[in-house]
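Me: I'd like to go through this model with you and ask how its labels are earned. Could you set each value against its definition as we go?

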Amino acid sequence: MHQANASAPAEDPSELIARVCRRDLRAFECLYRDYHPRLTRFLTSMIRRPQLVEEVLNDTMLVVWNQPERYNGASKLSTWIFAIAYRKALMALQRQDDPVDDGRAESRASAEAGPEDELGQRQVRKILLKAIGELSPDHRTVVDLTYFHEIGYREIAEIMDCPVDTVKTRMFHARRHLRRRLAGGLADWL
């Protein structure tokens with residue numbers, strides 16, 4: 001019986017936010033559980049400072065809890081929440097000093113692959129993350145939202161509060177940079 005609940009479809013986002021407006025804590029908890037992994041991935045890519053990710057994520061969800069009536073339904077709920085996270089991340093980046101690279105980050109990957117596969121995956125990941133890391137925060141954000149969250153340019157423009165053409169231009173420059181940095185087979189992904 002418990003498994004049936006686990007596989008039940010998620011509640012309608014517009015219904016959840018309406019319940020949050022009525023101060024329904026369970027509805028907020030559902031939103032938090034739904035958005036936590038997505039926002040963690042997005043913010044980790046954008047901020048690149050693990051110590052800030054949870055703080056920015058919680059600041060984002062605090063806005064959702066404290067000001068749910070600001071969601072006006074003009075866009076998807078996810079677009080509104082990602083836009084809040086984007087702005088909170090930019091503010092956090094402005095408050096922080098230069099990042100310190102985590103030299104052990106590449107060695108932490110551990111899917112159950114063979115040694116050759118694991119080494120190849122680590123090398124590809126290291127090259128890709130280094131190339132993405134060289135992008136500006138705006139370019140990283142466009143790449144991350146497009147490829148890792150499968151969000152379209154119009155929604156990205158809403159999240160970043162800029163014209164769609166600006167998103168396209170940022171993606172063009174990001175791809176051009178990544179192609180130059182990812183010589184050989186990796187450049188074919190772009």
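Me: How many disulfides does the structure hold, and what would make a pair of cysteines count as one?
Reply: The structure holds 0 disulfides. To count, a pair of cysteine sulfur atoms has to lie within 2.5 Å. This is a predicted model, where local features need pLDDT of at least 70 and side-chain atom pairs count only at pLDDT 80 or more, while totals for chains, interfaces and linings use all residues. Residues are numbered from 1 along each chain as its sequence is written, and side-chain values use heavy atoms, with hydrogens and water left out.

Me: Why is C21 called partly exposed?
Reply: Buried means under 20% relative accessible area, exposed means over 50%, and partly exposed is what lies in between (1.4 Å probe, protein chains only). C21 has a relative accessible area of 37%, so C21 is partly exposed. C30, at 23%, is partly exposed too.

Me: Happy with that. What elements make up the protein?
Reply: There are 9 helices and 0 strands, and from the N terminus on they run α-α-α-α-α-α-α-α-α. Helices (H or I, at least four residues) and strands (E, at least two) are DSSP runs, numbered from the N terminus. Of the 190 residues, 36% count as buried.

Me: What makes α3 roughly antiparallel to α7?
Reply: Helix α3 (residues 25-47) and helix α7 (residues 137-147) pack at an angle of about 150°, with their axes 9 Å apart. That makes α3 roughly antiparallel to α7, given these cut-offs: under 35 degrees is roughly parallel, over 145 roughly antiparallel, 65 to 115 roughly perpendicular, and the rest oblique. The axes are lines fitted to C-alpha atoms, for helices over the stretch in contact, and angles run from 0 to 180 degrees between N-to-C directions.

Me: Which residues of α3 and α7 meet?
Reply: R41, F42, S45 and M46 in α3 meet R140, T141, D144 and L145 in α7, contact being heavy atoms within 4.5 Å. The residues of this contact divide into 3 nonpolar, 2 polar and 3 charged. Here Ala, Val, Leu, Ile, Met, Phe, Trp, Tyr, Cys and Pro count as nonpolar, Asp, Glu, Lys and Arg as charged, and the others, Gly among them, as polar.

Me: And why are α7 and α8 called oblique to each other?
Reply: Their packing angle is about 140°, with the axes 10 Å apart. That value falls in none of the named ranges, and α7 and α8 are therefore oblique to each other. D138, T141, V142, L145 and T146 of α7 make the contact with Y153, I156, I159 and M160 of α8. Sorted by type, these residues are 6 nonpolar, 2 polar and 1 charged.

Me: How do you know whether R170 is buried or exposed?
Reply: R170, placed in helix α9, has 18% relative accessibility and so counts as buried. Leaving aside residues up to four places away in sequence, R170 touches D138, H139, V142, M160 and C162.

Me: One last topic, the backbone. What makes phi of D161 worth a look?
Reply: Most residues other than glycine have a negative phi. Phi of D161 is near 55°, a positive value in a residue other than glycine. D161 sits in the loop between α8 (153-160) and α9 (164-181), and at 67% relative accessibility D161 counts as exposed. R48 also has a positive phi, near 60°. R48 lies in the loop between α3 and α4 (50-66), and a relative accessible area of 32% makes R48 partly exposed.
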